[in-house]
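Please look at the sequence and the structure shown here, and keep both in view while you read the report that follows.

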Amino acid sequence: FRGGVAQLIEIGVAREDRGKGHGHRLLAAFEERARDEGAHLAEFWTDDLGAEGLLAALGWERVLIRPEYMGGRTWLLLEKSLADAE
């Protein structure tokens with residue numbers, strides 16, 4: 001698996017628990033585990049366009065935007081280098 005790409009399929013936090021940092025902790029745990037497993041890059045698709053600024057502040061970069069993709073919504077493909085954070 002050395003040098004691979006880790007793909008995050010989905011992350012979710014119950015509505016009543018949002019805004020408490022749980023999402024950040026889940027994302028950080030995913031990144032740490034992926035790094036531990038030898039991934040050099042992490043990627044995921046999201047239709048939460050409002051989160052792009054926050055994710056950019058955490059080191060994620062938009063690679064692709066797909067208007068009217070799944071469900072007729074706009075989706076973003078985001079990536080983060082895991083090698084830089086070692």
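Helix α1 is followed by G38, a residue whose phi is positive, near 95°. The structure is a predicted model, in which local features need a pLDDT of at least 70 and side-chain atom pairs count only at pLDDT 80 or more, while totals for chains, interfaces and linings use all residues. Residues are numbered from 1 along each chain as its sequence is written, and side-chain values use heavy atoms, with hydrogens and water left out.

Helices and strands are named here from DSSP runs (H or I of at least four residues for a helix, E of at least two for a strand), numbered from the N terminus. Helix α1 covers residues 22-36, which makes 15 residues, and it reaches 21 Å from its first C-alpha to its last, close to the 21 Å expected at 1.5 Å a residue; this expected span is 1.5 Å times one less than the number of residues.

Each residue can be called buried (under 20% relative accessible area), exposed (over 50%) or partly exposed (in between), using a 1.4 Å probe and protein chains only. In α1 the buried residues are L27, F30, E31, A34 and R35. Seen down the axis of α1, these buried residues fall within an arc of 130°, so they line one face of the helix; the arc is that of the directions from the helix axis to the C-beta atoms. On the other side of α1, R33 and D36 are exposed. The buried residues of α1 are covered by parts that include β1 (5-7), β2 (41-46), α2 (52-57) and β4.

A nonpolar core is a set of buried Ala, Val, Leu, Ile, Met, Phe, Trp, Tyr and Cys residues joined through side-chain atoms within 4.5 Å. The largest such core has 14 residues, and those with the most contacts inside it are L27, F30, F44, L55, W60 and L78. The elements α1, β2 and β4 each give two or more residues to this core, and α1 gives the most, with three residues. If neighbours within four places in sequence are left aside, F30 is in contact (heavy atoms within 4.5 Å) with A6, Q7, L8, A42 and W60.

Side chains of opposite charge can pair when their charged atoms come close. A salt bridge is counted when a side-chain nitrogen of Lys or Arg is within 4 Å of a carboxyl oxygen of Asp or Glu, and by this rule the count comes to five. The table lists some of them.

| Acidic residue | Basic residue | Closest N to O distance |
|---|---|---|
| D17 | K20 | 3.4 Å |
| D47 | R73 | 2.5 Å |
| E52 | R62 | 2.8 Å |

In the salt bridge of D47 and R73, D47 lies in the loop between β2 and α2 and R73 in the loop between β3 and β4, so the pair ties together parts that are 26 residues apart in sequence. In the salt bridge of R62 and E52, R62 lies in strand β3 and E52 in helix α2, so the pair ties together parts that are 10 residues apart in sequence.

Two loop residues remain to be described. E68 is found in the loop between β3 (61-66) and β4 (75-81), where E68 has a positive phi of about 50° although it is not a glycine, and at 68% relative accessibility E68 counts as exposed. G50 is found in the loop between β2 and α2 and is exposed, with a relative accessible area of 72%.
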